[in-house]
Amino acid sequence: MKKWLLLTIISAFALLLAACGGGESGGKAQSSEEYTAENPFIIKFSHVTAIESVKGQAADKFAQLVDEKTEGKVKVEVYPSSQLYGDNDELDALASGNVHMIAPSVTKMVKIDPRWQYVDMPYLFESDEHVQAFFDSEIAQSLMNSEQLAANDIKGMAFWPNGFKHFSNNKHPLVTVEDYKGLKFRAQAGQVLEAQFEALDAGSATIAFGETYAALQQGTVDGAENPYNNFDTMKFYEVQPYLSTTQHGRVDYAIFVNKSFWESIPADLLAPVEEALAEATTFAQQLAAEENAKSLENIKASGVVEVYEMTQEERDALKEALQPVYEDFEETITPELIEGINALK
């Protein structure tokens, strides 16, 4: 907690310096008159996935819409594929004001609020429609507008879907619960995911997304869990010959901004920027299902991956094996959040 307080102080100090710097974007400008297409207000947007991914395409769409709606007075600089910051440091960079927007997998927010691990709870969501109902719900907005985010100078803006996760590995097809025993999987940070693999008698290692391909290639880990689109665009099919359609969890993103920076955007420029974000969010929501379906076909057509289509009975067996995760983390995620999501089915 002290670390985050320090970052908040640093963020405020950085913004004060920017304000003293005249035309630098991020200063407390009173109007947009000083910004032109030749001297635009800059928004730095960092993310970790490939340009071709759902997130990558939606981020570029947002940048394009901002340029159009502000007539070039605001420029969104998009840094994909961990070019600027990776999984492990982008949240710190946002809180300190070194970057203005990020779109992390929501489970990354566990550093601030453990409830964000809801997305890792096995088989909590049953369909894309169920997920969208949650995004549109008051309970989701309570997470976005939480005191924990505000205390760290962070503001939640929008949810961008990605898709259901599926297990892959380089040893053998994953059909029964016993098939996971002894394998080691790449995981995002979080105790819920650690418990998930423990329930399957498997190991896990926390590895940054941008380093996952190398870890799989070098045998640091045997497997991973990804939506089809991530598996496809990151070329994991080159190092993961077995994929099972487990649909056991989600990887979804949320757009977060540095609150002080966002409030420094001149009002007449902020309105079209937020309008652009709303349109990019609709674009992302429509794109996710399409791109995941297309990626599954690409994976099958690659000729190098054996895709095992899970039956509902096989998924039910996996779900039962993962029930201890609920026993361990229901209080952490909170019964209110879990029951609220279940009520939206």
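Start by selecting Gln-188 and showing what lies around it: apart from neighbours within four places in sequence, Gln-188 is in contact with Ser-105, Thr-107, Lys-108, Leu-193, Thr-206 and Val-251. Keep in mind along the way that this is a predicted model.

**Stop 1: Gln-188**

Gln-188 sits in the loop that joins strand E5 (184-187) to helix H7 (191-199). Is this residue buried or exposed? With a relative accessible area of 9%, Gln-188 is buried, because the cut-off for that label is under 20%. Now show side chains. The side chain of Gln-188 makes a polar contact with that of Ser-105, at 3.1 Å, and another with the side chain of Lys-108, at 2.3 Å.

**Stop 2: from H7 to H13**

Follow the chain from the loop into H7, then add H13 to the selection. These two helices pack at an angle of about 170°, and their axes are 10 Å apart. That angle makes H7 roughly antiparallel to H13. To see the contact itself, pick Gln-191, Val-192, Ala-195 and Gln-196 on H7, together with Val-325, Phe-329 and Ile-333 on H13. Coloured by residue class, the contact of H7 with H13 shows five nonpolar residues, two polar and no charged.

**Stop 3: from H13 to H14**

Stay on helix H13 (residues 324-333) and bring in helix H14 (residues 335-342). Here the packing angle is about 100°, with 6 Å between the axes, and H13 and H14 are therefore roughly perpendicular to each other. On the H13 side, select Tyr-326, Glu-330, Glu-331 and Ile-333; on the H14 side, they meet Pro-335, Leu-337 and Ile-338. This contact of H13 with H14 divides into five nonpolar residues, no polar and two charged. Ile-333 of H13 takes part here and also in the contact with H7.

**Stop 4: helix H12**

Next, select helix H12 (residues 312-321) and look for its buried residues: Arg-315, Leu-318 and Ala-321. Turn the view to look down the axis of H12, and these residues fall within an arc of 120°, so they line one face of the helix. An α-helix has 3.6 residues a turn, so residues three or four places apart point the same way. What does the buried side of H12 pack against? Its buried residues pack against E4, H7 and H13. Rotate to the face of H12 turned away from the buried side, and you will find the exposed residues Glu-313 and Glu-320.

**Stop 5: helix H4**

Helix H4 (residues 128-135) invites the same kind of view. Highlight His-130, Val-131, Phe-134 and Phe-135, the buried residues of H4. They cover an arc of only 145° around the axis, which puts them on the same side of H4. Show the partners too: the buried residues of H4 pack against helix H5 (138-144), strand E4 (154-169), strand E9 (249-258) and H14.

**Stop 6: two positive phi angles**

Open the backbone torsions for this one. Most residues other than glycine have a negative phi. Select Glu-71, which has a positive phi of about 55° although it is not a glycine. Glu-71 lies in the loop between helix H2 (54-69) and strand E2 (74-79), and is exposed, with a relative accessible area of 65%. Then jump to Gln-247, also not a glycine, with a positive phi of about 50°. Its place is in the loop between strand E8 (242-244) and E9, and Gln-247 is partly exposed, at 25% relative accessible area.

**Stop 7: Glu-38 and Lys-44**

Go to the loop between helix H1 (2-19) and strand E1 (41-46), where you will find Glu-38. Glu-38 is exposed, with a relative accessible area of 70%. Draw a distance from its C-alpha to that of Gly-72: the two are 34 residues apart in sequence and 8.0 Å apart in space.

Then step into strand E1 and select Lys-44, which is partly exposed with a relative accessible area of 31%. Outside its neighbours within four places in sequence, Lys-44 is in contact with Glu-77, Tyr-79, Asn-98, Val-99, His-100 and Met-101.

**Last stop: Asp-268**

Finish in helix H11 (residues 267-301), with Asp-268. This residue is partly exposed, with a relative accessible area of 48%. Which side chain does the side chain of Asp-268 make a polar contact with? Select Ser-32: the side chains of Asp-268 and Ser-32 make a polar contact at 2.6 Å. For a final distance, pick Ser-168, 100 residues from Asp-268 along the chain; their C-alpha atoms are separated by 48 Å.

Terms used:
Residues are numbered from 1 along each chain as its sequence is written. This is a predicted model: local features need pLDDT of at least 70, side-chain atom pairs count only at pLDDT 80 or more; totals for chains, interfaces and linings use all residues. Side-chain values use heavy atoms; hydrogens and water are left out. Helices (H or I, at least four residues) and strands (E, at least two) are DSSP runs, numbered from the N terminus. Buried means under 20% relative accessible area, exposed over 50%, partly exposed in between (1.4 Å probe, protein chains only). A polar contact is a pair of N or O atoms within 3.5 Å; within protein, one must be able to donate a hydrogen and the other to accept it, and residues adjacent in sequence count only if both atoms are side-chain atoms. Contact means heavy atoms within 4.5 Å. Axes are lines fitted to C-alpha atoms, for helices over the stretch in contact, and angles run from 0 to 180 degrees between N-to-C directions. Angles under 35 degrees count as roughly parallel, over 145 as roughly antiparallel, 65 to 115 as roughly perpendicular and the rest as oblique. Ala, Val, Leu, Ile, Met, Phe, Trp, Tyr, Cys and Pro count as nonpolar, Asp, Glu, Lys and Arg as charged, and the others, Gly among them, as polar. The arc is that of the directions from the helix axis to the C-beta atoms.
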